[in-house]
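Please walk me through this protein model, beginning with its overall build and then turning to individual side chains and the partners they meet.

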Amino acid sequence: MKRRYIIIIYFAVILLVTGFIFSNSMKNLSETVNDSSMVVDIIKPIIDKIFDVEYDTIHHLIRKAAHLTEFAMLGVPLALFLLYIKKEYGITFYGFSCFYALCVAVIDEFIQSFTGRGSAVSDVIIDLTGFLIGFGITLLVSRIIKKYSK
């Protein structure tokens with residue numbers, strides 16, 4: 001019974017993160033530009049102390065970093081879920097996780113094509129890279145914890 005609740009919790013977290021990604025995709029261009037501009041306004045004075053970077057360059061990097069970050073957030077609960085399934089049932093679904101992330105990335109770009117923001121294959125690649133970073137770091141930290149807890 002306990003296993004079922006844990007699996008349900010993992011699914012719920014994965015679906016919540018997926019919903020968060022899709023909700024950001026549904027924002028129109030002016031909303032996303034406004035959101036990222038607020039971040040740039042905070043970061044640019046700090047960066048200006050070290051480098052002379054144009055506002056538009058920082059803005060572009062912040063927008064791409066948002067893609068990377070939200071998909072890294074998706075990689076963490078998926079990795080934790082797979083670690084749990086492997087521990088409890090001895091089954092690994094690593095390929096499924098990557099396929100799920102790819103589907104979410106493609107749907108994310110498809111949704112954006114209806115909001116006036118357009119879609120790009122390069123964003124799917126950034127999304128998958130973010131997923132792999134979150135997924136990989138979670139697996140690495142888990143392995144380190146397991147190694148040193150013995």
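The paragraphs below go from the whole chain to its salt bridges, then to one buried threonine and a patch on the surface.

This is a predicted model, and its secondary structure consists of five helices and zero strands, so that the elements read α-α-α-α-α from the N terminus on. The C-alpha trace spans about 50 × 40 × 25 Å along its principal axes. Of the 150 residues, 31% are buried, and among contacts between residues at least 6 apart in sequence, 73% join residues at least 24 apart. The protein exposes about 9500 Å², of which carbon and sulfur atoms supply 71%.

As for charge, there are 15 positive and 13 negative side chains, and the centres of these two sets lie 20 Å apart. The count of salt bridges comes to four, and one of them links K64 with D123, whose closest N and O atoms are 2.6 Å apart. Because K64 lies in helix α3 and D123 in helix α5 (residues 121-148), this pair ties together parts that are 59 residues apart in sequence. D123 counts as buried, since its relative accessibility is 6%.

Another salt bridge joins the side chains of D48 and K44, with 2.9 Å from N to O. These two residues are four apart in helix α2, and therefore about one helical turn separates them. Their surroundings can be described separately: D48 counts as partly exposed at 38% relative accessibility, whereas K44, at 16%, counts as buried. Buried here means under 20% relative accessible area.

D35 and K27 also form a salt bridge, in which the closest N and O atoms are 2.9 Å apart. D35 has a relative accessibility of 30% and so counts as partly exposed, and K27, with 25%, is likewise partly exposed.

K27 appears again in the surroundings of T32, a residue of helix α2 (residues 29-48). When neighbours within four places in sequence are left aside, T32 is in contact with N24, K27, R63 and R117. With a relative accessibility of 9%, T32 counts as buried.

At the surface, Y89, I91, F93 and F96 make a nonpolar patch of about 380 Å². Within this group, F93 is found in the loop between α3 (55-89) and α4 (94-112), and F93 is partly exposed, with a relative accessible area of 40%. Residues enter such a patch only when their relative accessible area is over 30% and they have no salt bridge.

Terms used: Residues numbered from 1 in each chain as written. Predicted model: local features only at pLDDT ≥ 70, side-chain atom pairs only at ≥ 80, totals over all residues. Heavy atoms only, no water. Patch = residues over 30% accessible without salt bridge, like charges linked within 9 Å, V, L, I, M, F, W, Y side chains within 5 Å. Areas by Shrake-Rupley, 256 points an atom, 1.4 Å probe, with all protein chains shown as cover. Buried < 20%, exposed > 50% of the residue type's maximum accessible area, 1.4 Å probe, protein only. Contact = heavy atoms within 4.5 Å. Lys, Arg positive; Asp, Glu negative; His and termini not counted. Charge placed at Lys NZ, Arg CZ, Asp CG, Glu CD.
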